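Trainee: I have this model open on my screen and would like a close look at one part of it. Could you start from a single residue and then set it in the context of the whole chain?

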Amino acid sequence: MSKLDEREEEASKPGGDIAALAKGGRTNVLGFGLRLLARLPFLFIAGQLYGAEALGIYAYALLVVELTALICSIGEKRGLAQRLREGDGSATNLIADSLLVALVFSCIAAAGFFLVPAPLFPNGMSSDLDRWIVLAIPGYALTEIVLAAQAYKYDIGTTVRARAVVEPWTISILAGAFWFVPAIGDAGLTLAYLFSIFAGLVTALVPFFKTYGRPHGWVPHPARIVPMVVRALPLAVTDAIEWGTRRVDLLILGWFAGPVALGIYWMAQQVASLPQKLKTSFEPILGPVITAKLKEKDYAAIARQVCQVGFWIVAAQAGIALALGIPGEALMGLMGDAGEFVPGTPALAFLLAAEVVAATAVVSEAALIYVARVRNLWVSIATLALQAALTVAAMLVIDTLNFADPQRADIWRAAAAAAALMLSLGVASVVKAVMLGKILGHSINNWRWALVWAAAAAVVVGQLAILLPEWAELALGIPAIIGVYGYIIWTRGFGPEDRVLFSKKPKPVEGENYPVRGQPPI
């Protein structure tokens with residue numbers, strides 16, 4: 001038996017599902033730390049060297065490119081696991097079908113945007129070189145599928161290397177290097193991003209070919225590919241909508257404000273999205289584990305997995321949100337001109353809160369896409385519509401107010417857009433948790449009172465930290481906030497199953513209804 005087959009068998013054993021989730025989570029938590037170390041230099045370089053206006057132009061193009069690439073990947077980031085588990089043919093050939101479809105769709109989209117770049121750059125391009133960012137569409141789409149294929153074999157290390165090491169360090173280094181090339185200018189941001197995407201793709205392809213090899217006897221055929229695409233459409237739309245809930249605020253803000261305001265908001269969003277990366281750490285491994293339990297019709301185990309991972313994510317994200325939000329002004333000032341970026345602190349606070357309230361929706365959706373795909377799609381559409389309505393309404397209200405300083409109006413717009421995101425994601429979390437609970441016959445609840453005590457202690461420490469000079473507020477305050485928060489979560493919130501996350505050799509949990517401290521048995 002191969003090591004890959006052993007991994008799949010181990011995940012299907014009693015308690016092995018939590019062990020598999022914990023192992024994947026540990027690997028991706030490491031990836032989160034590496035991504036954080038690489039992302040901060042990029043934010044510093046982008047803010048200090050390129051400025052808010054160039055960031056705004058880059059951010060809007062990025063919005064369109066990544067949304068298009070996600071659609072072109074036809075939902076295989078999360079749908080591939082089920083298709084491979086249920087498919088009768090060669091796994092390599094099934095993946096080849098997905099890669100071919102994604103490549104064709106993404107190349108068509110890239111060609112269209114290259115010829116008509118206005119949708120990517122409504123405020124104009126920094127340089128003619130900016131339009132080459134469209135090449136990132138096929139690169140991004142193919143990388144999503146390759147990493148999903150590796151995750152199906154419980155290989156999360158490849159995702160960490162590609163997404164948390166190669167991509168962020170490539171964009172950080174090249175963004176700094178391109179700034180010193182006069183012929184490139186502000187287009188250095190888009191070119192650095194393009195190179196980082198293909199560097200990540202190459203990093204993912206090397207282990208992919210070792211795992212699956214090359215297709216043998218594979219011949220594309222419409223009779224096989226068309227049904228695959230039709231089946232994947234609901235999931236592809238769901239992925240696009242879920243992604244859109246994190247970007248429609250940028251889109252609407254781009255309509256009501258200029259590139260400078262958009263650049264400031266994007267910078268705040270990048271800081272706030274750091275804990276979001278931690279949440280997505282569990283997505284690649286959660287899908288294969290859930291599909292294995294669905295095949296056994298073990299709904300109690302699925303509910304237990306969702307609650308377990310949901311608490312891990314909420315606990316981690318709340319701690320990171322407090323550590324980044326309390327010293328928010330110092331953190332935003334670090335990114336660039338204080339007069340430009342510090343006013344984005346209220347938006348940062350709302351965005352960090354949005355990541356915490358969204359955790360329940362994300363882990364619930366990890367199961368809903370398999371047991372209620374269409375209903376989940378409608379809830380996602382309603383969430384996006386609610387967010388868009390709240391954001392547009394807030395923009396229109398702000399337009400009726402008289403501000404002596406136009407920049408102050410943009411600050412209010414940014415904060416309002418972030419607040420609309422937080423409210424809509426909170427509603428989605430409640431609806432999706434209730435819906436999944438009814439389908440599985442077991443309640444979905446990630447809440448534990450230890451979160452309150454840990455957050456209260458972190459706030460007290462944070463208030464002391466902001467009295468320090470800015471450098472000490474960041475260097476000493478952030479670790480102190482995380483430290484006291486983590487200690488209380490560990491001692492008051494974590495039970496035996498939770499500690500599997502931090503054990504390299506976790507013991508199988510006896511029984512599927514093992515009680516966890518602070519949470520009733522399922």
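Trainee: In which helix is the place of Ile313?

Mentor: Happy to walk you through it. Please keep in mind throughout that this is a predicted model. Ile313 sits in helix H12, which covers residues 299–325. Its relative accessibility is 3%, and because anything under 20% counts as buried, Ile313 belongs to the buried class. A useful partner to display with it is Val363: the two residues are 50 positions apart in sequence, yet their C-alpha atoms are 8.9 Å apart in space.

Now follow H12 to its surroundings. Ahead of it comes a loop that links helix H11 (283–295) to H12, and Lys297 lies in that loop. Lys297 has a positive phi of about 60°, although it is not a glycine. With 61% relative accessibility, Lys297 counts as exposed, because the limit for that class is over 50%. Another link to display starts at Ala321, which is 32 residues from Ala353 in sequence, with a C-alpha to C-alpha separation of 6.8 Å. Ala353 is part of helix H15, residues 345–357. Its relative accessible area is 27%, so Ala353 is classed as partly exposed.

Let's step back to the chain as a whole. It has 20 helices and zero strands. Of its 522 residues, 57% count as buried, and Ile313 is one of the buried residues. Looking at contacts with a separation of 6 or more, 83% are between residues 24 or more positions apart. The chain exposes about 21,100 Å², and carbon and sulfur atoms supply 69% of that area.

With that in mind, turn to another loop, the one between helix H2 (16–72) and helix H3 (76–86), where you will find Ile74. Like Lys297, which has a positive phi of about 60°, Ile74 has a positive phi, here about 45°, without being a glycine. The accessibility is another matter: Lys297 is exposed, whereas Ile74, at 3% relative accessibility, is buried.

Beyond that loop, H3 packs against H4 at an angle of about 150°, and their axes are 11 Å apart. An angle over 145 degrees counts as roughly antiparallel, so H3 and H4 get that description. H3 passes H4 in a right-handed crossing. On the H3 side the contact uses Glu76, Leu80, Arg83 and Leu84, and on the H4 side Ala91, Leu94, Ile95 and Ser98. Sorted by class, these residues are five nonpolar, one polar and two charged.

H4 (residues 91–115) also packs against helix H5 (residues 136–152), at an angle of about 160° and with the axes 8 Å apart. That angle makes H4 roughly antiparallel to H5, and H4 passes H5 in a right-handed crossing. From H4, the contact takes in Ile95, Ser98, Leu99, Ala102, Leu103, Ser106, Cys107, Ala110 and Phe113. From H5 come Ile137, Pro138, Ala141, Leu142, Ile145, Val146 and Ala149. Ile95 and Ser98 are worth highlighting: they belong to the contact with H5 and also to the contact with H3. The contact of H4 with H5 has 14 nonpolar residues, two polar ones and no charged ones.

For another kind of pairing, bring up helix H8 (residues 222–244) and helix H17 (residues 373–400), which pack at about 30° with their axes 9 Å apart. Because angles under 35 degrees count as roughly parallel, H8 is described that way relative to H17. Their crossing is left-handed. H8 contributes Arg231, Pro234, Leu235, Val237, Thr238, Ile241 and Gly244, while H17 contributes Arg373, Asn376, Leu377, Ser380, Ile381, Leu384 and Gln387. This contact has seven nonpolar, five polar and two charged residues.

One last residue to select is Ser196, in helix H7 (residues 188–212). With a relative accessible area of 3%, Ser196 is buried. Setting aside neighbours within four places in sequence, Ser196 is in contact with Glu167, Thr170 and Ile171.

Terms used:
Residues are numbered from 1 along each chain as its sequence is written. This is a predicted model: local features need pLDDT of at least 70, side-chain atom pairs count only at pLDDT 80 or more; totals for chains, interfaces and linings use all residues. Side-chain values use heavy atoms; hydrogens and water are left out. Helices (H or I, at least four residues) and strands (E, at least two) are DSSP runs, numbered from the N terminus. Buried means under 20% relative accessible area, exposed over 50%, partly exposed in between (1.4 Å probe, protein chains only). Contact means heavy atoms within 4.5 Å. Accessible areas come from the Shrake-Rupley method with a 1.4 Å probe; for residues, only the protein chains shown count as cover. Axes are lines fitted to C-alpha atoms, for helices over the stretch in contact, and angles run from 0 to 180 degrees between N-to-C directions. Angles under 35 degrees count as roughly parallel, over 145 as roughly antiparallel, 65 to 115 as roughly perpendicular and the rest as oblique. A crossing is left-handed if the near helix is turned anticlockwise from the far one by less than a right angle, and right-handed if clockwise. Ala, Val, Leu, Ile, Met, Phe, Trp, Tyr, Cys and Pro count as nonpolar, Asp, Glu, Lys and Arg as charged, and the others, Gly among them, as polar.
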